[in-house]
Amino acid sequence: MPKSIFITATDTGVGKTTVSAALAKILRDKGFRVGYYKPVETGCIDECTDGKLLSEITGQPVDEITLYRFEAPVAPYVAEKLEDSQIDIELLYAHLDYLKAKYDYLIVEGAGGIRVPITEHFGQIITYADFVYEASLPVLVVARAGLGTINHTVLTVDVLNFINADIKGIIINGYSGRDISEDSNPEVIAEMTGIDILAVCSQSEDPVEECYYRLLGVVDLIF
C-alpha cells in the first residue's frame, strides 16, 4: 500500500522543501517510486523553485507536482484573489488520490504553516489543517532551531492535535550553534508536545545533503 506524509512547518521559509527533497532522495536511492505534491505554489516569478527542485529529484513533470502557480509571494487564498483565479479544492483532493495510486511513497508539502488559507469553498475558508484532516494525511512538522521556535512549534502541534492528526515527528532545521537556545529547544519542545524530535539539521551550503544524512536513519519512523 502506498505511503504518504504531509510536510508542514511552523512558519514560511523554515525548510519544508529541504526536508521534502532529502526524503525524496533517500527513498529514490532505496529504489522506490517517489512522488512529490505541492498543490499550490506561490512566489513563482520566473519559475516555481520548489516544484522544479523536486521534479529534478523525482523525475516528475512540474505540471504533475503543482496544480496552481501564482506570482504573488503570499498565501494561496490571497494569491487567487490578487490574480483573479479560483483554486478548486476538490481537484486538489482528486489529484492527491491519483498520486497516491501512482507512487510507492508520496510526499505532500503545504505552503507556509498549517493554518495558512488555501481557498474559499461554499463560504468557508479552507486551510492546510482542513486539507490534512479531509485527506487523513499523517504529518511531519519542520521547525526552526532558534529563539521563538518553542512557541511556534507548540502552537502548530496544538492545531494538529485539535484535528486528531497523526504526527510522525518533528524535524529541527537550521541549527547554527550561535544561538544559546538552540541546544535546549529540542528537549523543551519534545517535553511540551510529547512528540519525538527525529532529527536536527544544521545550516549548510548544501542543506538538502545535510538533511539527507540526518534523516537517513529515521525514514522508517516517518512513513
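Here are five short exercises with worked solutions on the structure above.

The structure is a predicted model, in which local features need pLDDT of at least 70, side-chain atom pairs count only at pLDDT 80 or more, and totals for chains, interfaces and linings use all residues. Residues are numbered from 1 along each chain as its sequence is written, and side-chain values use heavy atoms, with hydrogens and water left out.

**Exercise 1. The sheet**

Task: Work out the strand order of the open sheet and name its edge strands.

Solution:
- Step 1. Begin with the terms: strands (E, at least two residues) and helices (H or I, at least four) are DSSP runs numbered from the N terminus, and two strands pair if DSSP finds at least two bridges between them.
- Step 2. Read across the six strands, and you get E2-E5-E1-E8-E9-E10 with parallel pairing.
- Step 3. Strand E2 (34-37) and strand E10 (197-202) are the edges, since each pairs on one side only.
- Step 4. On average, neighbouring strands of this sheet are turned by 20° against each other, direction ignored.

A little background helps here: strands of a sheet pair through backbone hydrogen bonds, either parallel or antiparallel.

**Exercise 2. From E2 to helix H5**

Task: Find what E2 pairs with, and describe how H5 packs on the sheet.

Solution:
- Step 1. Four bridges join E2 to strand E5 (residues 105-113) in the parallel sense, and Tyr-36 stands opposite Ile-107 in E5.
- Step 2. H5 packs on the sheet and touches strand E1 (3-9), E2 and E5. The direction of H5 makes about 170° with that of E2, where axes are lines fitted to C-alpha atoms (for helices over the stretch in contact) and angles run from 0 to 180 degrees between N-to-C directions.
- Step 3. Now check the two faces of E2: Val-34 and Tyr-36 on one side, and Gly-35 and Tyr-37 on the other, are all buried. Buried means under 20% relative accessible area, exposed over 50%, and partly exposed in between (1.4 Å probe, protein chains only).

**Exercise 3. Ile-89 in its surroundings**

Task: Decide whether Ile-89 is buried or exposed, and list its contacts.

Solution:
- Step 1. Locate Ile-89 in helix H5 (residues 89-102).
- Step 2. Ile-89 counts as buried because its relative accessibility is 3%.
- Step 3. Leaving aside neighbours within four places in sequence, Ile-89 is in contact (heavy atoms within 4.5 Å) with Ile-118, Thr-119, His-121, Ile-126 and Phe-131.
- Step 4. Look at one of these partners: Thr-119 is 30 residues from Ile-89 along the chain, yet their C-alpha atoms are separated by 7.3 Å.

**Exercise 4. Helix H6 and its two ends**

Task: Find the buried residues of H6, then look at its start and at Ser-136.

Solution:
- Step 1. H6 spans residues 128-135, and Tyr-128, Ala-129, Phe-131, Val-132 and Ala-135 are buried in this helix.
- Step 2. These residues lie on the same side of H6 because they cover an arc of only 160° around the axis; the arc is that of the directions from the helix axis to the C-beta atoms.
- Step 3. A general rule fits in here: an α-helix has 3.6 residues a turn, so residues three or four places apart point the same way.
- Step 4. At the start of H6, a side-chain oxygen of Thr-127 comes to within 3.2 Å of the backbone nitrogen of Ala-129.
- Step 5. Ser-136 lies in the loop between H6 and E8 and has a positive phi of about 55° although it is not a glycine. With a relative accessible area of 61%, Ser-136 is exposed.

For comparison, most residues other than glycine have a negative phi.

**Exercise 5. Strand E8 and its partners**

Task: Explain why E8 is largely enclosed, and follow its pairing.

Solution:
- Step 1. Strand E8 (residues 139-144) has five of its six residues buried, so the rest of the structure largely encloses it.
- Step 2. E1 and E8 pair in the parallel sense over four bridges, with Val-142 in E8 as the bridge partner of Ala-9.
- Step 3. Six bridges join E8 to strand E9 (residues 167-175), and the two run parallel. The bridge partner of Ala-143 in E9 is Ile-172.
- Step 4. Finish in E9 with Asn-173, which is buried at a relative accessible area of 13%.

Conventions. Polar contact = N/O pair within 3.5 Å; in protein donor to acceptor, adjacent residues only side chain to side chain.
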